[in-house]
Amino acid sequence: MPRATEATAAAAAPRTASPAERVDALRRFAAAVRRGRGLHVASCAVLLAVAMTAGAVAVGGDGQDAARALPGVSRAVNADVLVRGDLGTAIRSLQEHVRRQPRDSGAWATLGLAQVERARTDGDPSRYDQAERALARSLALRPGNDQALAGQAALAAARHHFAAALDHADRALERNPYSERALCSRIDALVELGRYAEAAEAATLADRRRPGVPVFTRYAYVHELRGDVRTARRVLHQAVASAAGPADVAYVATALGNLERGRGRYGTALRHYARALAADDTYLPALEGRARAQAADGDRAGAIVTLEQVVARSPLPGPLVALGELYEDRDAPGDRAKAREQYALVDAWTALARAGGVDVDLDTALAAADHGDTAEALRAARAEWGRRRTVHTADALAWALHRAGRSAEALPYARRATATGYRDATFLYHRGLIEKAAGRDRAARASLTAALQLNPGFSPLGARAARAALKDLEAAR
């Protein structure tokens, strides 16, 4: 085999299974774990990863169809164009392109970045290894190229390796100070490391250098984290007005929907999700947001139908837990078993993600605290807190400590989670129950009341528990 072809084959990705095949593989794996047939989750994660792929070399097979699907791929190796369009078509076309032109470093970098984006959207962490190989190939061909370094930053962020993401982004920006991808990854990394003041500076710099939808949405989120919802809303409205294509409209309208849903404005949120889905009816974050808004607004049946569609295509922990809790809340015959299946699928997904190099301790802590092993939740939350100190990791550690019966120890973390001005009903609910358990009844009433005033339908089970706790506190006065 010629050396270039050999290198191409080594970096090529196995064909990824369909969404239905991936979910079926997860279900079979989770069922085997529950039956306890001596199966160890971590040691079998690699086997699960094999089950999630179809085993064929993606750049082989019917490459002519891929080339016909996106002709002139050499003109389309700009990452921003590809990741905002049809990722499946783009990936197939790029794979065919690098098979034919294996020394095109730009195409390899774009292929790696497209694989990162695809993994994020379809919930398949096995793609991260494929992305890593493609980016490494790009750097081997052209050492230090900013496109591949920016791709490495995006990959590290997707794997929750935020310190590495920041390092890669800084290196990319040394080469190209105007790299939109690197500027955005730098903001993401600083946010996820809890360095909010620096993230705000990075967002302002990015807005000066590369104003556009990706920067605008991050700029808005940084302001939301600091409690400035008015600015976040204004920037997102400007972003959606300037969106150039359906993918950008779907992305920004979903962000607006999430912002309004978090403020309890469900009708407004549903209109934003409708706009997102009108632009792209396959956009899973919009479907998930719509389901959560439906549930909060009282349409639990519609929410279940929508979330079932989401997890059938992308079995990520967030929608899996949300669907499980909706089953528990409905409590029809068979719903308890359905809920347990969703929580088992979370465990299966985290095993696969860990095998793909993803730090999943935050996902593990949040799911296990309410629906799994509280000792494992506390272990995971402590590990995540050791890596990064954000409002989200503070909340996760506080809640894990509380669920482990250590509410007095949890209280400082619950306070820290709500200290930046960021308003999240789940954080306030957690703080309220922790305060109640710690004997601080007046503070607990204030926190629980604030949670229900901010977002009365924040969680089908959590909102019910918050109302019950408030009733107990009022009765004890």
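Guide: The second largest cavity has a volume of about 30 Å³, in what is a predicted model.

Visitor: Why is this space called a cavity?

Guide: The space is called a cavity because a 1.4 Å probe fits there but cannot get out. A search of the whole structure with a floor of 30 Å³ finds 2 cavities.

Visitor: Which residues line the second largest cavity?

Guide: The lining is made up of Val-191, Glu-192, Tyr-196, Tyr-221, Leu-225, Thr-390 and His-392. Two helices, α11 (180-192) and α13 (213-225), each supply at least two of these residues.

Visitor: How does the lining divide into nonpolar, polar and charged residues?

Guide: The division is 4 nonpolar, 2 polar and 1 charged. Val, Leu and Tyr count as nonpolar, so Val-191, Tyr-196, Tyr-221 and Leu-225 fall in that class. Glu-192 is charged, because Glu belongs to the charged set. Thr-390 and His-392 are polar, because Thr and His are in neither of the two other sets.

Visitor: Helix α13 also holds Glu-224. Why is Glu-224 called buried or exposed?

Guide: Glu-224 has a relative accessible area of 14%. Buried means under 20%, so Glu-224 is buried. Beyond its neighbours within four places in sequence, Glu-224 is in contact with Ala-232, Leu-259, Arg-263 and Tyr-422.

Visitor: What makes Ala-419 buried or exposed?

Guide: The relative accessible area of Ala-419 is 60%. The cut-off for exposed is over 50%, so Ala-419 is exposed. Ala-419 lies in the loop between α24 (407-417) and α25 (425-437). The C-alpha atom of Ala-419 is 8.1 Å from that of Val-391, and the two residues are 28 apart along the chain.

Visitor: What sets the phi of His-160 apart?

Guide: Phi of His-160 is near 65°, a positive value in a residue other than glycine. Most residues other than glycine have a negative phi. His-160 sits in the loop that joins α9 (146-158) to α10 (162-175).

Visitor: Where is the other positive phi, at Asp-331, placed among the helices?

Guide: Asp-331 lies in the loop between α19 (317-330) and α20 (335-355). Its phi is positive, about 55°, and Asp-331 is not a glycine.

Visitor: Why are His-160 and Asp-331 placed in the class they have?

Guide: His-160 has a relative accessible area of 23%, and Asp-331 has 40%. Partly exposed covers the range between the 20% and 50% cut-offs, so His-160 and Asp-331 are partly exposed.

Visitor: How much of the whole protein chain counts as buried?

Guide: Of its 477 residues, 54% count as buried. The chain has 27 helices and 2 strands. It exposes about 20300 Å², with 50% supplied by carbon and sulfur atoms. Among contacts with a separation of 6 or more, 59% join residues 24 or more positions apart.

Visitor: How confident is the predictor, and in which part of the chain does pLDDT stay under 50?

Guide: The mean pLDDT is 86, and 82% of the residues reach 70 or more. pLDDT stays under 50 over residues 1-14, where the model has 25 contacts beyond four places in sequence. Residues 36-84 also stay under 50, with 90 such contacts in the model. Because pLDDT expresses the predictor's confidence on a scale from 0 to 100, the placement of residues 1-14 and 36-84 carries values in the lower half of that scale.

Note on methods: Residues numbered from 1 in each chain as written. Predicted model: local features only at pLDDT ≥ 70, side-chain atom pairs only at ≥ 80, totals over all residues. Heavy atoms only, no water. Helix = DSSP H or I, 4+ residues; strand = E, 2+ residues; numbered from the N terminus. Buried < 20%, exposed > 50% of the residue type's maximum accessible area, 1.4 Å probe, protein only. Contact = heavy atoms within 4.5 Å. Areas by Shrake-Rupley, 256 points an atom, 1.4 Å probe, with all protein chains shown as cover. 1 Å grid on protein atoms, 1.4 Å probe; cavity = no way out; pocket = protein on both sides within 12 Å on 5 of 7 lines; lining within 4 Å. Points joined across faces, edges and corners; volume = space filled by probe spheres on them.
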